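Subject: Handover of a structure, with notes on its contents

Dear colleague,

Please find below the sequence and structure that I am handing over to you. My notes on what was found follow directly after.

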Amino acid sequence: MPHSSDSSDSSFSRSPPPGKQDSSDDVRKVQRREKNRIAAQKSRQRQTQKADTLHLESEDLEKQNAALRKEIKQLTEEMKYFTSVLSSHEPLCSALATSAPSPPEVVYSAHAFHQSHVSSTRFQP
């Protein structure tokens, strides 16, 4: 059936004249490109900001890690010192020589001396 241009055909009734159609399509295309360019720019800025934040967080965690490793080394040295002092004291200790029952041996975890003994001036950096 031939296509008529009467007003009942909705696809043709809303269209602007052919010359104006091209012009308005070009304007929309330019606007869409500009909007997309701005959105892409914002997306790249957010991505850069996120990368910068992660980099700073990584540096902070590495500093914390180094500080904790230094503290572990310091506490290990402190433990060696106290073990040495105890070993040299045990043979001379009169309390250990008595027949009184000895207290149960206490075994401390690596974190037992953490804060209470770190204040010793002998082991400060």
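Is E34 buried, partly exposed or exposed, judged by its relative accessibility? E34 counts as partly exposed, because its relative accessibility is 36%, and the term covers values between the 20% limit for buried and the 50% limit for exposed. Please keep in mind throughout that this is a predicted model.

Overall architecture

The chain contains three helices and zero strands. Read from the N terminus, the order of the elements is α-α-α. Helix α2 spans residues 18-89, and the residue pairs described below as salt bridges lie in this helix.

The chain has 125 residues, of which 4% count as buried. The area that the chain exposes is about 11,500 Å², and 57% of that area is supplied by carbon and sulfur atoms.

Confidence of the prediction

The mean pLDDT of the chain is 78, and 62% of the residues reach a score of at least 70. Among the elements, helix α2 has the highest mean pLDDT, at 95, whereas helix α1 (residues 10-13) has the lowest, at 49. In residues 7-11 the pLDDT is below 50, and this stretch makes three contacts in the model beyond near neighbours in sequence. The pLDDT is also below 50 over residues 113-120, a stretch with 12 contacts in the model beyond near neighbours in sequence.

Salt bridges

How many salt bridges are counted in the model? The count comes to three, and each may be located in the view above.

- D25 and R28 are joined through their side chains, with an N to O distance of 3.3 Å. Both residues belong to helix α2 and are three residues apart, about one turn of the helix. D25 is partly exposed, because its relative accessibility is 31%.
- E34, the residue of the opening question, forms a salt bridge with R37 through the side chains, at 2.6 Å from N to O. The two are separated by about one helical turn because they stand three residues apart in helix α2. R37 counts as partly exposed at 44% relative accessibility, and E34 counts as partly exposed at 36%.
- E77 and K80 meet through their side chains at 3.7 Å, N to O. These two residues are three apart in helix α2, so about one helical turn separates them. E77 has a relative accessible area of 41% and is therefore partly exposed.

A polar contact

Which side chain does the side chain of E59 touch in a polar contact? The partner is the side chain of H55, at 2.9 Å. E59 lies in helix α2, and its relative accessible area of 36% makes it partly exposed.

A nonpolar surface patch

Y81, F82 and V85 together make a nonpolar surface patch of about 220 Å². V85 is found in helix α2. Why can V85 belong to such a patch, given its relative accessible area? A patch residue needs over 30% relative accessible area, and V85 is partly exposed with 35%.

When you go through the model yourself, I suggest starting with helix α2, the element with the highest mean pLDDT, and taking the salt bridges in the order given above.

Yours sincerely,
A colleague

Conventions
Residues numbered from 1 in each chain as written. Predicted model: local features only at pLDDT ≥ 70, side-chain atom pairs only at ≥ 80, totals over all residues. Heavy atoms only, no water. Helix = DSSP H or I, 4+ residues; strand = E, 2+ residues; numbered from the N terminus. Buried < 20%, exposed > 50% of the residue type's maximum accessible area, 1.4 Å probe, protein only. Areas by Shrake-Rupley, 256 points an atom, 1.4 Å probe, with all protein chains shown as cover. Patch = residues over 30% accessible without salt bridge, like charges linked within 9 Å, V, L, I, M, F, W, Y side chains within 5 Å. Salt bridge = Lys/Arg side-chain N within 4 Å of Asp/Glu carboxyl O. pLDDT = per-residue confidence, 0-100. Contact = heavy atoms within 4.5 Å. Polar contact = N/O pair within 3.5 Å; in protein donor to acceptor, adjacent residues only side chain to side chain.
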